[in-house]
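Student: Could you walk me through how the pieces of this fold sit against one another? I'd like to go question by question.

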Amino acid sequence: MQHLTTADGARIAYDDIGSGRPLVLLHGLMAHHGFFHRQHPLAERFRLILVDLRGHGESRDGAGGGLAVETMAADIAALAEQLDLHDAIGIGWSLGAAILWHVLAGPASHRFAGAVVVDMTPRVRNGPDWELGLSPELCAARAAAIEQDFPSFAAAAARAIFAGPAAEADWAAAEFARNDPAAIGALWESLVEQDFRDALGRIEQPTLIVHGAHSHLYDGGTAEHLARALPRARAIRFDRSGHAPHIEQPELFNQAIADFAASLPRVRDPQTA
């Protein structure tokens with residue numbers, strides 16, 4: 001893997017394979033770039049930038065410590081700058097979508113022509129005016145489980161990303177469990193504090209909303225809300241998937257990405273760049 005060294009000394013690992021329009025793939029909480037291994041066939045038509053987010057996989061946190069969504073978004077913006085990406089499509093799964101929204105609301109936005117949001121909500125923790133995330137009690141219970149029994153939490157979370165029993169669940173559980181519990185706990189707290197509802201209307205990039213019909217986290221109402229709130233968005237449902245359509249129905253997912261990319265005009269001609 002290649003690496004980006006950030007201003008605070010973090011080492012962000014990434015794979016850069018294939019050629020063509022860049023696809024920047026951002027994984028979910030406790031995962032890593034390997035959770036997109038079934039998207040490798042897209043490298044026949046696209047340039048895939050598969051990132052290990054800070055504190056995950058082969059990436060290491062910087063001197064400050066304490067993972068936060070905003071810091072991870074700054075990492076991705078810096079990587080897009082280092083690689084001089086243009087006309088890219090950001091693909092954010094769960095936590096990765098929250099990071100992508102930060103990037104698209106920031107100065108690196110011009111490097112992205114489109115976005116794909118995979119089973120995510122603009123606000124994780126429900127409140128008096130929001131019911132399309134998770135209850136405050138469940139958010140608190142997850143925080144406690146991370147702190148008190150991380151191996152059990154990792155195993156349960158791995159099972160929950162799939163619509164039902166899956167051959168990949170044991171592998172996912174083992175990969176989730178490799179993470180540092182304290183770092184994941186800090187990141188979870190950062191994630192539940194995020195609220196992108198007001199920012200969505202300012203994201204100009206066309207967006208494909210991918211929803212698993214059997215998601216154990218977010219229901220179809222969340223995808224419908226995003227399709228309405230984002231200025232240029234449409235939703236697609238994967239009928240045999242849970243929280244991870246790119247793993248559970250990879251051929252359909254990959255085709256949806258290719259079709260979405262084909263629908264986007266190029267802002268910059270790669271032949272004259």
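**Sheet and helices**

Tutor: Sure. Let's start at one pair of residues: His3 stands opposite Ala13 in E2. Keep in mind that this is a predicted model.

Student: In which sense do E1 and E2 pair?

Tutor: Strand E2 covers residues 11-18, and 4 bridges link E2 to E1. The sense of that pairing is antiparallel.

Student: Which strands stand at the edges of the sheet?

Tutor: The open sheet has 8 strands with mixed pairing, in the order E1-E2-E4-E3-E5-E6-E7-E8. An edge strand has a single partner, so one of its sides is left without a neighbour in the sheet. That describes E1 (2-5) and E8 (233-238).

Student: What does the twist average from one strand to the next?

Tutor: Going from each strand to the next, the average is 20 degrees.

Student: And which strands does helix H7 touch?

Tutor: H7, residues 220-229, packs on the sheet, and its direction makes about 175 degrees with that of E7. The strands in contact with H7 are E6 (112-118), E7 (207-212) and E8.

Student: Now the helix pair: are H3 and H6 roughly parallel or antiparallel?

Tutor: H3 (residues 136-148) and H6 (residues 181-192) pack at about 165 degrees, their axes 9 Å apart. Angles over 145 count as roughly antiparallel. Therefore H3 and H6 are roughly antiparallel.

Student: Which residues of H3 meet H6?

Tutor: On the H6 side, the contact includes Trp188 and Val192. By class, the contact has 7 nonpolar, 1 polar and 2 charged residues. H3 brings Cys139, Arg142, Ala143 and Ile146.

Definitions and conventions. Residues numbered from 1 in each chain as written. Predicted model: local features only at pLDDT ≥ 70, side-chain atom pairs only at ≥ 80, totals over all residues. Heavy atoms only, no water. Axes fitted to C-alpha atoms, helices over the stretch in contact; angles between N-to-C directions. Helix = DSSP H or I, 4+ residues; strand = E, 2+ residues; numbered from the N terminus. Parallel < 35°, antiparallel > 145°, perpendicular 65-115°, else oblique. Contact = heavy atoms within 4.5 Å. Nonpolar A, V, L, I, M, F, W, Y, C, P; charged D, E, K, R; others polar. Pairing = 2+ DSSP bridges.
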